[in-house]
Amino acid sequence: MSRNNSELPVTLMGESVIIPTLTQLIEETEATKEIDKALKKKARLKERYLFSPSANFEDLGGIDDIVNDLKEYLDPEQRNLVELGYNGCKRILISGVSGVGKIDALDYGFMSAARFTKKVYIDVPDEKSRSSILKVLSKSIKINEDLNFDELGAKTPGYVGSDLRDLVDEAGLVADERLRKNKTRKPNEKSSDLDESMETETNISRNVIDTDFYIALKRIKPSLKRDGFASIPAITWADIGACDHIRKKLMATILLPVKCPAFMEKTMRGKTSCGILLHGPPGCGKTSIAKAIANEGEIAFISVKGPEVLNMYVGESERKIRDIFEKAAKAKPCVIFFDEIDALCTERAASERSNVTQSVLSQILTEMDGFDNQSCLVLAATNRLDVLDSAILRPGRFDNHIYVGVPDEAARLDILKAITRNNKPPLSSEVSLKSIAYDSRLRNFTGADLRGLIERAHTIACIEMYDEIGTLDEEKFVIKPHHIESALKERGASISDEMLEFYLKSAKKVGLS
Ligand SMILES: Nc1ncnc2c1ncn2[C@@H]1O[C@H](COP(=O)(O)OP(=O)(O)OP(=O)(O)O)[C@@H](O)[C@H]1O
Ligand SMILES: [Mg+2]
């Protein structure tokens with residue numbers, strides 16, 4: 001069946017799957033054109049179901065309804081054709097929906113028992129697919145004629161069908177908010193990000209405009225970014241203290257090359273390195289930094305926890321690694337983040353090394369060697385640089401090493417400010433963050449230790465308040481110097497001098513930076 005404009009695309013987790021229109025099944029007449037229109041309308045109503053990866057057979061029952069509704073218009077032979085056609089589609093759709101990334105896991109007998117006429121692998125959409133998916137989805141809302149779908153496609157790396165659906169819905173809401181605000185707005189009143197869009201639009205558009213989409217983009221994050229992290233990381237650079245030099249370095253090494261592949265290609269011969277390794281003692285902010293990068297926007301971010309990739313089934317871990325790199329190449333510009341990579345790339349005598357880690361390691365190396373590093377980068381974090389296989393640190397792989405170390409006094413102050421920003425937790429005016437940061441007892445305190453200290457002081461203050469007034473009153477609650485003092489007596493640095501020396505020594509081996 002050939003594709004033409006009369007086909008109705010239905011997007012499934014990103015990729016367009018085509019439902020043949022009635023006119024392609026039976027000869028075109030005026031009646032079939034009318035039926036076709038009705039069909040398209042109905043199918044669109046059902047689209048939402050198809051975006052859910054958990055959609056099941058019942059969810060797709062809607063297609064049967066459509067066929068039933070049509071029967072009265074058709075003679076028996078036509079009816080047969082339509083049923084055949086649509087049932088075929090239903091099977092394609094089902095295999096697509098249930099098979100997102102997991103088609104291999106389906107029972108072979110089930111797959112081969114002629115239930116599925118065709119397997120459709122639904123992939124992360126590339127830039128062009130994203131803009132056409134957005135075009136289809138935007139039919140459900142009123143959009144401005146000059147909406148730039150190409151630009152939107154470029155701004156949504158890593159967004160899959162369901163994310164794009166959410167994005168379109170959100171853009172509709174933003175437009176509503178904008179119009180409502182505009183009606184109630186007093187002259188010269190100016191506040192949220194919504195106002196920015198109002199200010200830039202001279203003629204207030206009643207339809208959804210580009211800026212509505214850009215605001216929606218800030219609110220809807222692609223689900224790829226949520227992979228691997230237990231929760232959606234809401235962390236931004238404002239939550240991280242004292243890492244400005246690391247931020248700048250990462251912006252230069254990650255964002256610039258990934259966002260400007262054409263520049264890199266023109267100005268540098270051959271393959272440039274594609275791996276960056278964050279290393280240093282535990283609790284100093286490596287994972288937090290990666291989460292902040294994930295939230296930077298305009299790049300897809302796939303996060304993988306090292307230990308989670310290891311699987312007891314032979315070949316399964318390697319397949320996961322392959323999938324991750326494939327996914328990244330499709331979602332470019334993209335950063336893959338391997339947290340706790342030491343779980344995957346440990347250096348031991350070959351005989352000692354378990355078969356799984358050995359083959360996972362070679363899989364990662366193979367993938368990195370063949371990786372399109374112009375628009376994809378691999379970021380990794382470890383607190384066990386000493387055990388990493390040297391093959392992974394070789395030039396061309398993770399040859400960009402960034403040490404995330406224990407903070408000094410000034411850095412501690414910066415971190416304390418970040419941890420207590422926006423008056424959360426509320427500190428009494430007698431609390432001096434500077435004197436805490438410069439207290440010699442805080443030597444070797446990591447970011448995590450500082451967070452632990454403030455958390456403990458908070459708990460102590462809660463207990464004290466409850467003991468005094470029998471309840472917790474947020475209006476009166478503040479952390480006072482003596483709460484911090486008590487917490488300090490209970491808490492020490494998690495890193496000893498010897499440990500620190502050890503970390504610095506292994507960092508120096510790979511060139512401390
Ligand atoms: N620079 C920092 N600014 C603010 N908070 C920090 C900073 N560093 C660490 N923290 C706090 O410590 C917690 C742990 O940090 P994180 O998980 O990023 O450390 P890590 O270096 O990844 O440790 P590990 O090596 O054990 O994985 C964070 O959730 C955060 O609360
Ligand atoms: Mg970590």
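This passage describes the overall make-up of a predicted protein model and then several of its helices, loops and individual residues.

The protein chain of this predicted model contains 22 helices and seven strands. Of its 513 residues, 46% are buried, and the surface that the chain exposes amounts to about 26,400 Å², of which carbon and sulfur atoms supply 50%. When contacts in the chain with a separation of 6 or more are considered, 76% of them are accounted for by residues that stand 24 or more positions apart.

One part of the chain that can be followed in detail is helix 6, which covers residues 127-137, together with the loop that lies between helix 5 (108-112) and helix 6. Helix 6 packs against helix 8 (residues 161-184) at an angle of about 50°, and the axes of the two helices are 10 Å apart. Because of this angle, helix 6 counts as oblique to helix 8, and the crossing in which helix 6 passes helix 8 is right-handed. On the side of helix 6 the contact is made by R130, I133, L134 and L137, while helix 8 contributes G161, L164, R165, L167 and V168. Sorted by class, the residues in this contact of helix 6 with helix 8 are six nonpolar, one polar and two charged.

R130, which has its place in helix 6, is a member of that contact. With a relative accessibility of 0%, R130 counts as buried, because buried residues are those under 20% relative accessible area. When residues up to four places away in sequence are left out, R130 touches P125, G153, A154, T156, P157, G158, Y159 and L164. Among these neighbours, L164 also belongs to the helix 8 side of the contact with helix 6, whereas P125 lies in the loop between helix 5 and helix 6. P125 likewise counts as buried, at 0% relative accessibility. The C-alpha atom of P125 is separated by 6.8 Å from that of A331, although these two residues are 206 residues apart along the chain.

Further along the sequence, the loop between helix 18 (409-419) and helix 19 (433-437) holds P425 and N422. The peptide bond that leads from K424 to P425 is cis, with omega near 5°. N422 is not a glycine, yet its phi is positive, at about 55°. Most residues other than glycine have a negative phi, and most peptide bonds are trans. With a relative accessible area of 65%, N422 is exposed.

A positive phi is also found in N444, which is a residue other than glycine and has a value near 65°. N444 is located in the loop between helix 19 and helix 20, and at 8% relative accessibility N444 counts as buried. These two asparagines therefore fall on opposite sides of the limits used here, since N422 has a relative accessible area of 65% and N444 has 8%, with under 20% taken as buried and over 50% as exposed.

Helix 20 (residues 447-469) packs against helix 21 (residues 481-490) at an angle of about 120°, and the axes of these helices are 8 Å apart. This angle makes helix 20 oblique to helix 21, and helix 20 passes helix 21 in a right-handed crossing. Within helix 20, the residues that take part are L453, R456, A457, I460, A461 and E464, and they meet H482, H483, I484, S486, A487, L488 and E490 in helix 21. By class, this contact of helix 20 with helix 21 has seven nonpolar, three polar and three charged residues.

Helix 20 also contains C462, which is buried, with a relative accessible area of 18%. Because the limit for a buried residue is under 20%, the value of 18% places C462 in the buried group. Apart from residues up to four places away in sequence, C462 touches L472 and F477. The C-alpha atom of C462 is separated by 8.7 Å from the C-alpha atom of I479, and the two residues are 17 residues apart along the chain.

How values were computed: Residues are numbered from 1 along each chain as its sequence is written. Chains are lettered from A and ligands numbered from 1 in the order in which they are written. This is a predicted model: local features need pLDDT of at least 70, side-chain atom pairs count only at pLDDT 80 or more; totals for chains, interfaces and linings use all residues. Side-chain values use heavy atoms; hydrogens and water are left out. Helices (H or I, at least four residues) and strands (E, at least two) are DSSP runs, numbered from the N terminus. Buried means under 20% relative accessible area, exposed over 50%, partly exposed in between (1.4 Å probe, protein chains only). Contact means heavy atoms within 4.5 Å. Accessible areas come from the Shrake-Rupley method with a 1.4 Å probe; for residues, only the protein chains shown count as cover. Axes are lines fitted to C-alpha atoms, for helices over the stretch in contact, and angles run from 0 to 180 degrees between N-to-C directions. Angles under 35 degrees count as roughly parallel, over 145 as roughly antiparallel, 65 to 115 as roughly perpendicular and the rest as oblique. A crossing is left-handed if the near helix is turned anticlockwise from the far one by less than a right angle, and right-handed if clockwise. Ala, Val, Leu, Ile, Met, Phe, Trp, Tyr, Cys and Pro count as nonpolar, Asp, Glu, Lys and Arg as charged, and the others, Gly among them, as polar.
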